[in-house]
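Open the model in your viewer and keep the selection tool at hand. The stops below go from one selection to the next, with a note on what is there.

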Amino acid sequence: MNKSEKERWYNDVYRTHSPRLLRFVQRWVSEPQAHEIVQEIFLKLWQQDLAKVESHVKVWLFCCCRNRAIDYL
C-alpha cells in the first residue's frame, strides 16, 4: 500500500470509527480525556504495519482505547 492509499484508508477508518470510540471511552473518562485517548490511538494506528491490523482494525481500535482508558484511570 503506497502512502496515498494508506492516507485514504486511515481517513476512512477515522471517519467510520472515531465517533463510536469517543462514546465508548467516555464511559470511563471525561470528554476531553476521551478525545485525547482516541487521538493517541489513531496516532498509534498510523505507526502500525497495516498488514498486521487491517483485517481486524475495529477490534484493535476498541481494545487499544479500552486499555488506554484503563491506564489513564
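Is Tyr72 buried, partly exposed or exposed? Select it: Tyr72 has a relative accessible area of 39%, so Tyr72 counts as partly exposed. Keep in mind throughout that this is a predicted model.

**Stop 1: Tyr72 and its surroundings**

Tyr72 belongs to helix α4, which covers residues 57-72. Now add Val29, Gln33 and Ile37 to the selection; Tyr72 touches these three, residues up to four places away in sequence being left out of the count. For Ile37, draw a distance between C-alpha atoms: Tyr72 and Ile37 are 35 residues apart along the chain, and their C-alpha atoms are separated by 8.8 Å.

Next, show the surface and select Trp28, Tyr72 and Leu73. These residues form a nonpolar patch there, and together they have about 320 Å² of accessible area.

**Stop 2: along α4**

Select the whole of α4. Its 16 residues should span 22 Å at 1.5 Å a residue, and the end C-alpha atoms are 22 Å apart, so the expected and modelled spans agree. Within α4, colour Val57, Trp60, Leu61, Phe62, Cys64, Cys65 and Ala69, which are buried. What do the buried residues of α4 pack against? Their partners are α1, α2 and α3.

**Stop 3: along α2**

Move to α2, residues 31-47. With 17 residues at 1.5 Å each, α2 should span 24 Å; the distance between its end C-alpha atoms is 25 Å, which agrees. The buried residues of α2 are Gln33, Ala34, Ile37, Val38, Ile41, Phe42 and Leu45. Hide the other helices and bring them back in turn: the cover over these buried residues includes α1, α3 and α4.

**Stop 4: the core**

Nonpolar side chains tend to be buried together in soluble globular proteins. In this model, the largest nonpolar core has 23 residues. Which residues have the most contacts inside this core? Select Val25, Phe42, Leu45 and Leu61 to see them. At least two residues of the core come from each of α1 (3-25), α2 (31-47), α3 (50-53) and α4.

Centre the view on Val25. Leaving out residues up to four places away in sequence, Val25 touches Ala34, Ile37, Val38, Cys65 and Ala69. Ala34, Ile37 and Val38 are among the buried residues of α2, while Cys65 and Ala69 are among those of α4.

**Stop 5: two residues of α1**

Select His17, in helix α1. His17 has a relative accessible area of 9% and is therefore buried. Beyond its neighbours within four places in sequence, His17 is in contact with Lys58 and Leu61. Leu61 is one of the core residues with the most contacts.

Then select Trp9, which is also found in helix α1. At 15% relative accessibility, under the 20% limit, Trp9 counts as buried. Show Met1, Leu45, Leu50, Glu54 and Val57 around it: Trp9 touches each of these, again without counting residues up to four places away in sequence. For a longer distance line, pick Trp9 and Arg68, whose C-alpha atoms are separated by 23 Å and which are 59 residues apart along the chain.

**Stop 6: the salt bridges**

Side chains of opposite charge can pair when their charged atoms come close. How many salt bridges does a search of the whole structure find? There are two.

Start with Asp12 and Arg15. They form a salt bridge whose closest N and O atoms are 2.5 Å apart. Both residues sit in helix α1, and because they are three residues apart, about one helical turn separates them. Asp12 is partly exposed, at a relative accessible area of 40%, whereas Arg15 counts as exposed at 55%.

Finish with Glu40 and Arg68, where the closest N and O atoms of the salt bridge are 2.6 Å apart. Glu40 lies in helix α2 and Arg68 in helix α4, so this pair ties together parts that are 28 residues apart in sequence. Glu40 counts as partly exposed at 28% relative accessibility. Arg68 is partly exposed too, with a relative accessible area of 23%.

Terms used:
Residues numbered from 1 in each chain as written. Predicted model: local features only at pLDDT ≥ 70, side-chain atom pairs only at ≥ 80, totals over all residues. Heavy atoms only, no water. Patch = residues over 30% accessible without salt bridge, like charges linked within 9 Å, V, L, I, M, F, W, Y side chains within 5 Å. Areas by Shrake-Rupley, 256 points an atom, 1.4 Å probe, with all protein chains shown as cover. Salt bridge = Lys/Arg side-chain N within 4 Å of Asp/Glu carboxyl O. Helix = DSSP H or I, 4+ residues; strand = E, 2+ residues; numbered from the N terminus. Core = buried A, V, L, I, M, F, W, Y, C linked by side-chain atoms within 4.5 Å. Buried < 20%, exposed > 50% of the residue type's maximum accessible area, 1.4 Å probe, protein only. Contact = heavy atoms within 4.5 Å. Expected span 1.5 Å × (residues − 1).
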